Amino acid sequence: MPENLVEVRNLVKHFPIRSGVLQRVSGQVRAVDGVSFDIPKGSTMGLVGESGCGKTTIGRTILRLVESTAGSVRFEGEDLFAIPRSRLRVMRPRMQMIFQDPYSSLSPRMPVGEIIGEAVREHGIVPPGEYRKYLAEVMESCGLQKQHVDRYPHEFSGGQRQRICIARALALKPRFIVADEPVSALDVSIQAQIINLLKDLQSEFALTYLFISHDLSVVEHISDTVGVMYLGSMVEMGNKKTIFEKPLHPYTKALFSAVPVPDPLVRMDRVILEGDIPSPAHPPPGCKFHTRCPNRMEICSREVPETIRYADGHEVACHLYSKEGP
C-alpha cells in the first residue's frame, strides 16, 4: 500500500449565522459535516458534487486558510490543526492552492515575475544569486516564456493566467496542491492543455493533488480516486475505475447520467432528481439525500446511513446496501 501524504479524519466546518442588531449567533451553516479520506503520495483525488456541497470549503480547511470546527488533518504525519502558526508558516511552501478564477487571484499591480517570485524570496526557497535563473526555470516548466516576467496579468489570456497561478504554486517546491476548479473558467481546448500540464508536473515533481471539480469528464481524466459529496457529506468514494463503472449511490448515478455522450445513437437514461438542494443551515434528518432520492425508503428519513467499506476500498453511505456487498 502506498504511504498517505494527507489523512483527513471527521473534518467538520460550520459557519455561524448571525442575526439581529447585536449579531448574535442564531444558527450554523454545516458546510462540511464529518468527512474522512486519505490521499496517497503522488496520486490525485478528485472531489465532485453540485455547487454548494462543501468541496471548496474542504480544500481551504485542509490548508488552514479557514479554521476547522472539528476533526483532524495529518500532512506527512503531522497534525496541521494542532501545530502553532509559527510551525504552520514553515510548512506552508509544501502545501499550495490553485484557485478557480485565475484573474481575481492575481494582483493586477504586480508583474508576473513578482507574482511568482514573491513567496520564493520570502521563504528563501533558493539563494538570492540563483533567484532569476530559478524563476525562469519554473516559468518554462509551466509553458511561460522568460520575456513574460515583466508583463502584468491583464496582458495574458485566461489559459496563460492559469499557468501563472500554477507557476506561483510550483515555485515553492510543494508536495501537495489543492486545485479548486482550476479549469472551469477556461475554454474546452485550453482545459485540456492545463490538465495535461498538471499531469506532466505531477510526474516530474512527484506532486500529490486534491482536484476539486464539478466536471466529471475532467475528473475521470486526471484522478486516481474519486469522492462524491452531497450537502457537506461524502456519500461515495473509491478508485476511479470502480466509481465510473459501478456507481452505487443514487446521487452518484444521477450525476453520471447527466454527462453527455458524444454519440447520437446512444440513448441516455437520465435520472432527474426532484426538488432543490436543501439548505446546509437546515439539512433534512436521516439521510440528507432522501428528499430527492428516487430510491428512498422509510428508514432514510429517520436514520443517518452508515458508511460501508468493501474489500476493494469502495465506500458508500446508503441504506440500500449491506456490508456483505452491493
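## Cysteines on their own

Let's start with cysteine 53, which is buried, with a relative accessible area of just 3%. This is a predicted model, and a search through the whole of it turns up 0 disulfides. A disulfide is a covalent bond that joins the sulfur atoms of two cysteines. What keeps cysteine 53 from having such a bond? The closest cysteine sulfur, in cysteine 287, sits 14 Å from the sulfur of cysteine 53, and that is too far for a bond.

Cysteine 293 is in no disulfide either. For cysteine 293, the nearest cysteine sulfur belongs to cysteine 318 and is 6.2 Å away. To count as a disulfide, the two sulfur atoms would have to be within 2.5 Å. Cysteine 293 is buried too, with a relative accessible area of 8%.

## A buried salt bridge

Charged side chains tell another story: the whole structure holds 16 salt bridges. One of them pairs aspartate 33 with lysine 288, and their closest N and O atoms are 3.0 Å apart. Aspartate 33 is part of strand S2 (residues 24-40), while lysine 288 belongs to the loop between helix H9 (250-257) and strand S11 (307-309), so this pair ties together parts that are 255 residues apart in sequence.

Are these two partners buried or exposed? Aspartate 33 is buried, at 18% relative accessible area, and lysine 288 is buried as well, at 13%. The cut-off for "buried" is under 20%.

## Two more pairs

Now for glutamate 122, which forms a salt bridge with arginine 89; here the closest N and O atoms are 2.7 Å apart. Glutamate 122 is in helix H3 (residues 112-123) and arginine 89 is in helix H2 (residues 85-91), so the bridge ties together parts 33 residues apart in sequence. How open are they? Glutamate 122 is exposed, with a relative accessible area of 54%, whereas arginine 89 is partly exposed, at 43%.

Arginine 121 has a salt-bridge partner too, namely glutamate 114, with the closest N and O atoms 2.5 Å apart. Both ends are in the middle category: arginine 121 is partly exposed at 43% relative accessibility, and glutamate 114 is partly exposed at 27%.

## Sharing partners

Which residues end up in one network through shared partners? Arg30, Asp33 and Lys288 do, joined by salt bridges that have partners in common. You've already met two of them, as the bridge between aspartate 33 and lysine 288.

Conventions: Residues numbered from 1 in each chain as written. Predicted model: local features only at pLDDT ≥ 70, side-chain atom pairs only at ≥ 80, totals over all residues. Heavy atoms only, no water. Salt bridge = Lys/Arg side-chain N within 4 Å of Asp/Glu carboxyl O. Helix = DSSP H or I, 4+ residues; strand = E, 2+ residues; numbered from the N terminus. Buried < 20%, exposed > 50% of the residue type's maximum accessible area, 1.4 Å probe, protein only.
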